[in-house]
Amino acid sequence: MKRLLAGFLAALMLPSSALAQSADEAAFRALYKELVETNTTFSVGDCTLLADKIATRFKAAGFPDSNLIPFSTPEWPKSGGLIVNYPGTDRNAKAILLLAHLDVVEAKREDWTRDPFTLIEEGGYFYGRGTHDDKSQVAIWVDSLIRYRQEGFKPRRTIKLALTCGEESSVPFNGASWLMANKRELMDAEFALNEGAWGQLDEQGNRVALLVEAGEKTSQNFSLEVINIGGHSSVPLPDNAIYHLTDAIRAIRGHQFPVQINDANSAYLSRMAKITGGAQGAAMAGLAANPMDSKAAALLSKIPTLNAMLRTTCVATQVNAGHAPNALPQRATAIVNCRIFPGVSRDAVRQTLIDLIADPAVTVTRLKVARTEGDEPPPPLTRKIMGPIEKVAGEIWPGVPVVPVLQAAATDGRALSAGGIPTYGVSGLFFQADLGNIHGLNERVGVTSLFEGREFLYRLVKLYANQQN
Ligand SMILES: [Zn+2]
């Protein structure tokens, strides 16, 4: 009873704004829960269903049907999505586009500590598949637009939101590419904001920098295949499919592609050099100043995240060989996933693999990609883009630097950039080096971090939406 009374008194002492805030925070939590708990994996999930649920929320918030455009194709009925239009007041002002993907990476219940499709709050974290990638951003975009409408916010420029499917799976349907090819006018915008960058925490949980994605590498899978006549395993032959394949994989393992410096990774190196300090900081400054500094490059290449930002990388990710324990293998295949530096062609990388393997028994094939991607350079980081990010970041996290980054992973931003819409990655969520175990087990996001990211993007989009041309 005493405790109850104390709680009641504490509630009375809360300022009214905090009470009001908790009401819209509750709405946000309900939305986020629905997003995480609607399975959108490729195997058994349904993006179209989730897009429907989101459209229902927009309708309930008063958005007219004419501003809600659901889409799907007959070939991929569960890979649909939704476009939302929030009209601006100035017809001559170019729109801005918010992008996020509804689908998530597969997650097996038996591998996870908690059910991946139940949103669980524990120890200051939200756990669940997609809590970070990318349902955090879906939730923040949807929630922001609904709040803008509730407030009667009238932006100068139209704000568009595209929620798509097919970002994570390697199936030949990618919603962002499909929209660019089939609904280009609905997507048209001066620039787009997307996933792809986050805030960086150190091991103690202190904020180090807010990253902004200014370009990303291309993901390309190659298959290595060896076909062999096989035979009885009691009579081994020197010509063996598995041995050809393992030699090929070993040749790739030993290779380092050349270091490349562009605007994005150079800006990252020079800005992070001061924060990092020590020998590593000196090497970062050295390499930014002189891309030929091989000593600095060698030192930084030992750090996996920096290595990935400095060059094309290729790594074996899957192998499959043999058909029986007592038979010589008739077939051995591997998938090699390459992350290609902006401006380098996929065919050039394939040729490098062929040269490294140097074995005509191994066939190297470039696998099809669903996403439309060009070899265009990363979009420029102008003041118009960076100014608002720095302003809002300074309000919420004073003193934390904003740092451009070349993203080693690929996102749907590539499809938009290839279609002429410069796309930047920015989220305002902060993570330690594990990035909340994105794509892995027990994916999670800090509760405070999610709410701060929500506030950050809500304010940021408002600034962009009222920007003068
Ligand atoms: Zn993602």
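The following dialogue asks how several descriptions of this predicted model are justified.

Visitor: What makes α4 oblique to α15?

Guide: The axes of helix α4 (residues 135-151) and helix α15 (residues 447-465) cross at roughly 50 degrees and come within 9 Å. Angles under 35 degrees count as roughly parallel and those from 65 to 115 as roughly perpendicular. The crossing of roughly 50 degrees belongs to neither class, and therefore α4 is oblique to α15. As to hand, α4 passes α15 in a right-handed crossing.

Visitor: Which residues make the contact of α4 with α15?

Guide: From α4 come Ser136, Ile140, Asp143, Ser144 and Arg147. The side of α15 consists of Leu450, Gly453, Arg454, Leu457, Tyr458 and Val461. Divided by class, this contact has five nonpolar, three polar and three charged residues. Gly453 is counted with the polar residues, because glycine is placed in that class.

Visitor: Why are α13 and α15 called oblique to each other?

Guide: Helix α13 (residues 383-396) and α15 have axes that cross at roughly 140 degrees. Only angles over 145 count as roughly antiparallel, and the roughly perpendicular class ends at 115. A crossing of roughly 140 degrees falls between these limits, so α13 and α15 are oblique to each other. Their axes come within 9 Å, and α13 passes α15 in a right-handed crossing.

Visitor: What is the make-up of the contact of α13 with α15, by residue and by class?

Guide: Helix α13 provides Pro388, Ile389, Lys391, Val392 and Ile396. Helix α15 provides Glu452, Glu455, Phe456, Arg459, Leu460, Leu463 and Tyr464. The contact has eight nonpolar, no polar and four charged residues. Tyr464 is counted with the nonpolar residues, because tyrosine is placed in that class.

Visitor: What makes β4 and β19 edge strands?

Guide: The order β4-β5-β19 describes an open sheet of three strands with antiparallel pairing. β4 (120-122) and β19 (444-446) each have a single partner strand, so one side of each is left without a neighbour in the sheet. On average, neighbouring strands of this sheet are turned by 25 degrees against each other, direction ignored.

Visitor: How do you know that β5 and β19 pair?

Guide: Two strands pair if at least two bridges are found between them. Strand β5 (residues 125-127) and β19 are joined in the antiparallel sense over three bridges, so the criterion is met. Within this pair of strands, tyrosine 127 stands opposite arginine 444 in β19. Helix α15 lies across β4, β5 and β19, and runs at about 70 degrees to β19.

Visitor: Which strands does β7 pair with, and in what sense?

Guide: Strand β7 (residues 191-194) runs parallel to strand β3 (residues 96-101), joined by three bridges. Three bridges also join β7 to strand β17 (residues 423-425), again in parallel. Isoleucine 96 stands opposite phenylalanine 191 in β7, while alanine 192 stands opposite threonine 423 in β17.

Visitor: What makes β12 and β15 the edge strands of their sheet?

Guide: The open sheet of four strands has the order β12-β14-β10-β15, with antiparallel pairing. β12 (313-321) and β15 (363-366) each pair on one side only. Strand β10 (residues 218-227) pairs with β15 in the antiparallel sense over four bridges, and in β15 the bridge partner of phenylalanine 222 is arginine 366.

Visitor: Which helices pack on this sheet, and at what angles?

Guide: Helix α7 (residues 241-253) touches β10, β12 and β14 (331-340), and its direction makes about 15 degrees with that of β14. Helix α12 (residues 346-357) touches β10, β12, β14 and β15, and its direction makes about 165 degrees with that of β15.

Visitor: Where do domain 1 and domain 2 lie in the chain, and how many residues are in contact?

Guide: The domain assignment gives domain 1 as 16-216 + 377-465 and domain 2 as 218-366. Their C-alpha centres lie 31 Å apart. In the contact, 14 residues of domain 1 meet 16 residues of domain 2. On the side of domain 1 that touches domain 2, the elements giving two or more residues are β9 (207-216) and β16 (402-407). The residues of that side divide into 12 nonpolar, one polar and one charged.

Definitions and conventions. Residues numbered from 1 in each chain as written. Predicted model: local features only at pLDDT ≥ 70, side-chain atom pairs only at ≥ 80, totals over all residues. Axes fitted to C-alpha atoms, helices over the stretch in contact; angles between N-to-C directions. Left-handed = near helix turned anticlockwise from the far one by under 90°. Contact = placed C-beta atoms within 7 Å. Domains from an automatic or database assignment.
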